[in-house]
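Visitor: I'm new to reading protein models. Could you walk me through this one, bit by bit?

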Amino acid sequence: MEFSSRARQRHARLAGDRREQYPHSLQFYLEPPTESISLVEFESFAIDRLRLLKVIENLGVSYVRNSDVYKVKLEAELRKLKFPYRALAEDDYEARRKDHISHFILRLAYCQSEDLRRWFLQQEMDLFRYRFNELTESLMQKFLEHVNLSFEAIGEDLKNELANELSVSTPGFNLPKVKEQMFYKVGLADAVDLFRTRRVFIKDGFAYVPFKEIDVIVLNNYRTKLSKALALTARSLPSIQSDERLQPLLNHLSHSYVGPDYSVQKNTGKISLEQIDALSVKSFPLCMRQLHRALRDSHHLRHGGRMQYGLFLKGIGLTLEQALEFWKKEFIRGKVDADKFDKGYAYSIRHSYGKEGKRTDYTPYSCMKIIMSNPPSQGDYHGCPFRHSDPELLKQKLQSYKIPPSGIAQVLELVKGMHYQLACQKYFELTHDVDDIGFSLNHPNQYFTESQKLLSGGREPKKEFNNSGNFQQKNNSQESINSSSTPTSSNAKADTELEGLEAYFTED
């Protein structure tokens, strides 16, 4: 895969040839891109696909997949982000190109750990399922031929001969419906999931699959191919991690979030130190409530906890002077005297506010950063309680906060499914007594802001899913990037060429 800045002019010249690369709006992503794109496109394509996959994750938990409301909301997001959403569209070459390239960029970013691979695979599967089911029967048939899954359709004579067996063995099919539906003769190995759940008729080592169930076979085939591809790409990790062009960008993508930039303090000085205890109960997410309680109990937090909690407090409006007073008062109640605090800990607080060292104004941690980096060890209290806590300890903690048993069960079910941000979202709903918070939760400071709006009557809980907001990420020098500005990198100009990346997706 090559990346450079001369794409647009070549598009006009080569559009006719290139359109042959994307004969369908859907694909298995078997071949990596070989064309050149700019660094601006590299980042913006990846950001848009990441936003799309986050929406899919939220919709998959909030609504029944393939329900009308699920389809409407997902199509709206595909349309907004300019990904293929109508299989019949004849002028969606740019959307198909974006779909192809962005998949491979995120495959690079999300091959780096088992958790990332599992998350990426699940969201891509859900996206593929939706798009495949939106195809017409004729387009499905063309797609199956394109990916070499052209199963043999049984003739009318054989279907009439087996009509009773097909009707009895295929749930929801009476005799008239059997005669209307096309059936395929599929090898048992390809239809094992349908066989296990007793949804197809089996004879002589073949499954007779109705057309409406063919998506199960296609999805299993796609899952197998994508799982293998992710494992193959993961083998290239040493090379990827040594690539100075790529590694900072890919790390940011796998730890990024969609939401406002909380490095800009809008409420500076509006929170008093006396309010923090009450706010921690009413408006802090569980991770920050846990840190605050640990600080009050032990009068100390280790570095990871101080960074996570300190930057959160900065984001909700504590000034540098307030932060120094807050931490000093608490630490000197423990084993740290005033002199030791002034000589050691005060420097790191001033540093986080951009007043020491390189004068970098650090931003509060997003949910993805907390979940994916620096897991807590014994004696630590930072991290995400939904990701890093033992389920039984999490259950006890929620019980101590008077969360009802039914709500605890919902939270633990989301945790079991590794939907940690959605578990926090459910915690928000339970502690604020709302059915639907109406936004996608991606940041502890977003949790605080929305809680305060709700408690003060500044907003009504929305009943529509909303995933709007700017993309924010930080590079090593803590420079912000958001979707309303041109993506840039501290190590490269916007038109920097990135090329030769297809090797990461292929075997030696």
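What follows is a chat about one helix, some salt bridges, a sheet and a few unusual loop residues.

Visitor: Before we dig in, what sort of model is this?

Guide: Residues are numbered from 1 along each chain as its sequence is written, and side-chain values use heavy atoms, with hydrogens and water left out. Local features need pLDDT of at least 70, side-chain atom pairs count only at pLDDT 80 or more, and totals for chains, interfaces and linings use all residues, since this is a predicted model.

Visitor: How far apart are the end C-alpha atoms of helix α18, and what span should we expect?

Guide: Helices here are DSSP runs of H or I with at least four residues, strands are runs of E with at least two, and both are numbered from the N terminus. The expected span is 1.5 Å times one less than the number of residues. Helix α18 covers residues 338-352, so its 15 residues should span 21 Å, and the end C-alpha atoms agree with that at 20 Å.

Visitor: Where is the kink in α18 centred?

Guide: The bend at a residue is the angle between axes fitted to the seven residues ending there and the seven starting there. In α18 the kink is about 40°, and its centre is Y345.

Visitor: Which helices do the buried residues of α18 pack against?

Guide: Buried means under 20% relative accessible area, exposed means over 50%, and partly exposed is in between, using a 1.4 Å probe and protein chains only. In α18 the buried ones are F341, Y345, A346, I349 and S352. Counting contact as heavy atoms within 4.5 Å, these residues pack against α16 (303-316) and α17 (320-331).

Visitor: Which residue caps the N-terminal end of α18?

Guide: Look for a side-chain oxygen by the backbone nitrogen of D339. The two atoms lie 3.3 Å apart, and the oxygen belongs to D337.

Visitor: Let's try charges. How many salt bridges does the structure hold?

Guide: Side chains of opposite charge can pair when their charged atoms come close. The cut-off used is a side-chain nitrogen of Lys or Arg within 4 Å of a carboxyl oxygen of Asp or Glu. By that rule, the structure holds 28.

Visitor: How many residues apart in sequence are the parts tied together by E41 and R97?

Guide: E41 and R97 form a salt bridge, with their closest N and O atoms 3.1 Å apart. E41 sits in helix α2 (residues 39-62) and R97 in helix α4 (residues 93-109), so the pair ties together parts whose separation in sequence is 56 residues.

Visitor: Are E41 and R97 buried or exposed, and which residues share their network?

Guide: Both E41 and R97 are buried. A network of salt bridges links them with two more residues, E35 and E94.

Visitor: R302 and D380 meet too, so is D380 buried or exposed?

Guide: Their salt bridge has an N to O distance of 3.5 Å. It links distant parts of the chain, 78 residues apart: R302 is in the loop between α15 (286-298) and α16, and D380 in the loop between α19 (367-372) and α20 (385-388). R302 has 43% relative accessibility, so it counts as partly exposed. D380 has 18%, so it counts as buried.

Visitor: On to the sheet. In what order do its strands lie?

Guide: Two strands pair if DSSP finds at least two bridges between them. Five bridges join β2 (residues 183-187) to β4, and three join β3 (residues 201-203) to β4. The open sheet has four strands with antiparallel pairing, in the order β1-β2-β4-β3.

Visitor: Why is β4 described as largely enclosed?

Guide: Strand β4 runs over residues 206-210. It is largely enclosed by the rest of the structure because the buried residues in it number four of the five.

Visitor: Which residue in the turn between β3 and β4 has a positive phi?

Guide: β3 and β4 form a hairpin with two residues between them. The phi in question is about 55°, and the residue is D204.

Visitor: Last one: is R359 buried or exposed?

Guide: R359 lies in the loop between α18 and α19. It has a positive phi of about 60° although it is not a glycine. Its relative accessible area is 55%, so R359 is exposed.

Conventions
Polar contact = N/O pair within 3.5 Å; in protein donor to acceptor, adjacent residues only side chain to side chain.
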